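Work through the following exercises with the model open beside you, and try each task before reading its solution.

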Amino acid sequence: MKEKLMDIVLIAGLWLDGTAWDDVLPELEALGHRGIPLTLPGQGDGATSASYDDQAAAVVAAVDAAEGAPLVVGHSAASTLAWVAADRRPDAVTGVVLIGGFPTTDGQAYADFFQTDGDAVAFPGWETFAGPDSDDMSPELKAAVAAGAHPVPVGVTTGVVRWSDERRHDVPLTLVCPEFGPEQAREWIASGDVPELADATALELVDLDSGHWPMWTQPAALAALLDQATRRSADASARTSVR
């Protein structure tokens, strides 16, 4: 194994716990990094009354506990949670990577996208994600992922997102584009659909030939992109520090 280069905090999207990164962890280790997969409050720990604020606090705690300045990775809806690290710890993270998702706009609900089932939002089934999102997943993989999905408390999905530190916009940021391409993402940003990314001063868009869940379908390629992001982010931080 190579000498450890960086801690990488890994946050999976709705319904997923830390095991979503199991195939990525050895790939990161082979590249010299330590992956830190998070199981968020209410998404795998049985805390049915968990809130968005609880999940945001868990991300900040993971950043504080990491060795050195970690790279923080958010997948899908959890891109917002990764951006929380930039907002609340802009000087303590090397950079942020978003995989197939975007930070929620200030004042909006975190992830109020799906119908609730009582006090939770259950995984809605693969019909909701038919097409490019899931075309690269086998029926066996889909069944396994669905079987391990955790209902997300409505206190999480309906929590209001607030941004407070303008320094977040200068944190090195990588957007991994899986089921959509960089050009499409640029169009969304230019149209004002993603204001947080429009204001980012150190944004890089990279393509990944996969569906929405590359941690299962392209773990080695995803790990390689995260490795590249650690280097870009470290270089950007070094340039900023000498200005």
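**Exercise 1.** Determine which strands helix H3 lies across in this predicted model.

*Solution.* Begin with the helix, which spans residues 79-88. Next, list the strands that H3 lies across, namely E1, E3, E4 (95-99) and E7 (173-177). Finally, compare directions: H3 runs at about 170 degrees to E4.

**Exercise 2.** Establish the order of the strands in the sheet, and explain which of them stand at the edges.

*Solution.* The open sheet is formed by six strands in the order E2-E1-E3-E4-E7-E8, with parallel pairing. Strand E2 (34-37) and strand E8 (203-207) each have a single partner strand, so one side of each is left without a neighbour in the sheet. From one strand to the next, the twist averages 20 degrees. For one pairing in detail, take E1 (residues 7-11) and E3 (residues 71-75), which are joined in the parallel sense over four bridges; here Ile 11 has Gly 74 in E3 as its bridge partner.

**Exercise 3.** Which residues of helix H6 are buried, and which are exposed?

*Solution.* First place the helix: H6 (residues 182-190) lies across E7 and E8, and runs at about 145 degrees to E8. Applying the cut-off of under 20% relative accessible area for burial, one finds that Pro 182, Ala 185 and Ile 189 are the buried residues of H6. Because they cover an arc of only 60 degrees around the axis, these residues are on the same side of H6. Their cover includes E7, helix H7 (195-198) and E8. On the other side of H6, the exposed residues are Glu 183, Glu 187 and Ala 190. Last, Gly 192, which follows H6, has a positive phi near 90 degrees.

Technical notes
Residues numbered from 1 in each chain as written. Predicted model: local features only at pLDDT ≥ 70, side-chain atom pairs only at ≥ 80, totals over all residues. Heavy atoms only, no water. Pairing = 2+ DSSP bridges. Helix = DSSP H or I, 4+ residues; strand = E, 2+ residues; numbered from the N terminus. Axes fitted to C-alpha atoms, helices over the stretch in contact; angles between N-to-C directions. Contact = heavy atoms within 4.5 Å. Buried < 20%, exposed > 50% of the residue type's maximum accessible area, 1.4 Å probe, protein only. Arc of directions from axis to C-beta.
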